[in-house]
Amino acid sequence: MSMATVRSVHVGRVAPLGPQNTPSGFIKSPAAGIVAVHELGLDGDEQADHRVHGGRDKAVYGYAASHYEAWRRDFPEHAGAFEPGAVGENLAIDGLTEADICVGDVHAIGTALLQACQLRQPCFKFALRFGDDRLPPAMTINGRAGWYYRVLRTGQLSANDKVDLQERPNPDFSFARLVEVINHRNATPEELARLAAMSGLATQWRERIRRALDRA
């Protein structure tokens, strides 16, 4: 964690995406200089469909910059486009992957305080971005999904800021493990019950897991 840094910051306005001109904020551009962090995200960033994007538990999207090498290897036809910002992230981060970050981790980045609270689950707009329907299921299977932060303290951040771990309430439950539980349904009932009560996990996810346990 001491070596983790923000490589680049990305924001985007709602614009037409794909052959049907679907409104989306997926396309992000590098943000120069210092960027304000508000309760619902970064200054200059927008989402088109607030039913499934944005909100307090999806305020800032973080992604491991190291994943792009693997995307270029797996999909060489898109190699020129797989650069930081390409999957719609706000923060491309060096020195962190899903295996290094745990559910509920609190990170100080610049003067903002962010809590990693859920895994990204890709939607059809990832396919529209590249014109390739294989990409969303590939992200689900390979687990290179990234994570969403909620904003605990507003502030400012910029490229090259350190990502400093402040709190780790669930040290034995990484986001890599969450990939296995959520995407591959690899969990015992006891583990699901623990996850449903886990501090720091997004409210919507806790409720969904509780409903699954009730049905079981």
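This is a short walk through the pockets, the core, the cysteines and a few single residues of one structure.

Keep in mind that this is a predicted model.

Pockets to begin. The largest pocket has a volume of about 700 Å³. Its lining counts 33 residues. Which of them are closest to the centre of the largest pocket? They are Val-52, His-53, Gly-54, Lys-58 and Tyr-148. Two elements each give two or more residues to this lining: strand E10, at 112–119, and helix H6, at 203–215. H6 has the largest share, with three residues. As for chemistry, the lining of the largest pocket splits into 11 nonpolar, 12 polar and 10 charged residues.

Let me stay with Val-52 for a moment. Val-52 sits in the loop between strand E6 (41–42) and strand E7 (60–64). Buried or exposed, or in between? Val-52 has 42% relative accessibility, so it counts as partly exposed. Now look across to Cys-123. Val-52 and Cys-123 are 71 residues apart along the chain, yet their C-alpha atoms are separated by 9.5 Å.

On to the second largest pocket. This one holds about 300 Å³ of space. The residues lining the second largest pocket are Val-181, Ile-182, Arg-185, Asn-186, Ala-187, Leu-192, Arg-208, Ile-209, Ala-212 and Arg-215. Helix H4, at 175–183, and H6 are the elements that give two or more residues here. Which element has the largest share of this lining? H6 does, with four residues. So H6 is worth finding on your screen: the largest share of the lining comes from H6 in the largest pocket and also in the second largest pocket. By type, the second lining divides into six nonpolar residues, one polar and three charged.

Two residues of that second lining deserve a closer look. Take Leu-192. You will find Leu-192 in helix H5. Its relative accessible area is 23%, which makes Leu-192 partly exposed. Beyond residues up to four places away in sequence, Leu-192 touches Val-181, Ala-187, Ile-209 and Leu-213. Among these, Val-181, Ala-187 and Ile-209 also line the second largest pocket. For scale, go from Leu-192 to Ala-81. Those two are 111 residues apart in sequence and 37 Å apart in space, C-alpha to C-alpha.

Then Arg-185. Arg-185 lies in the loop between H4 and helix H5, and H5 runs 189–196. Arg-185 is exposed, at a relative accessible area of 73%. Check the backbone there. Phi of Arg-185 is near 50°, a positive value in a residue other than glycine. Why point that out? Most residues other than glycine have a negative phi.

Asn-160 is another case. Phi of Asn-160 is near 80°, again positive in a residue other than glycine. Asn-160 is in the loop between strand E12 (155–157) and strand E13 (163–167). With a relative accessible area of 65%, Asn-160 is exposed.

Now the core. In soluble globular proteins, nonpolar side chains tend to be buried together. Here the largest nonpolar core has 56 residues. Which members touch the most other members? Leu-42, Trp-71, Leu-91, Tyr-149 and Leu-178. Pick Leu-91 and list its contacts, leaving aside neighbours within four places in sequence. Leu-91 is in contact with Val-6, Ser-8, Val-9, Leu-42, Val-60, Tyr-61, Gly-62, Tyr-63, Ile-109, Leu-114, Tyr-149 and Leu-157. Leu-42 and Tyr-149 in that list are themselves among the core members that touch the most others.

Cysteines next. How many disulfides does the structure hold? Zero. Cys-117 is in no disulfide, and the nearest cysteine sulfur, that of Cys-102, is 14 Å away. Cys-117 is at 0% relative accessibility, so it counts as buried. Cys-123 is in no disulfide either; for Cys-123 the nearest cysteine sulfur belongs to Cys-117, 17 Å away. Cys-123 is partly exposed, at 24% relative accessible area.

One last residue, His-38. His-38 is in strand E5, residues 35–38. Its relative accessible area is 39%, so His-38 is partly exposed. Outside its neighbours within four places in sequence, His-38 is in contact with Asp-43, Val-151 and Thr-154. Of these, take Val-151. His-38 and Val-151 are 113 residues apart in sequence but 7.4 Å apart in space, C-alpha to C-alpha.

Methods. Residues numbered from 1 in each chain as written. Predicted model: local features only at pLDDT ≥ 70, side-chain atom pairs only at ≥ 80, totals over all residues. Heavy atoms only, no water. 1 Å grid on protein atoms, 1.4 Å probe; cavity = no way out; pocket = protein on both sides within 12 Å on 5 of 7 lines; lining within 4 Å. Points joined across faces, edges and corners; volume = space filled by probe spheres on them. Nonpolar A, V, L, I, M, F, W, Y, C, P; charged D, E, K, R; others polar. Core = buried A, V, L, I, M, F, W, Y, C linked by side-chain atoms within 4.5 Å. Buried < 20%, exposed > 50% of the residue type's maximum accessible area, 1.4 Å probe, protein only. Contact = heavy atoms within 4.5 Å. Disulfide = S-S within 2.5 Å.
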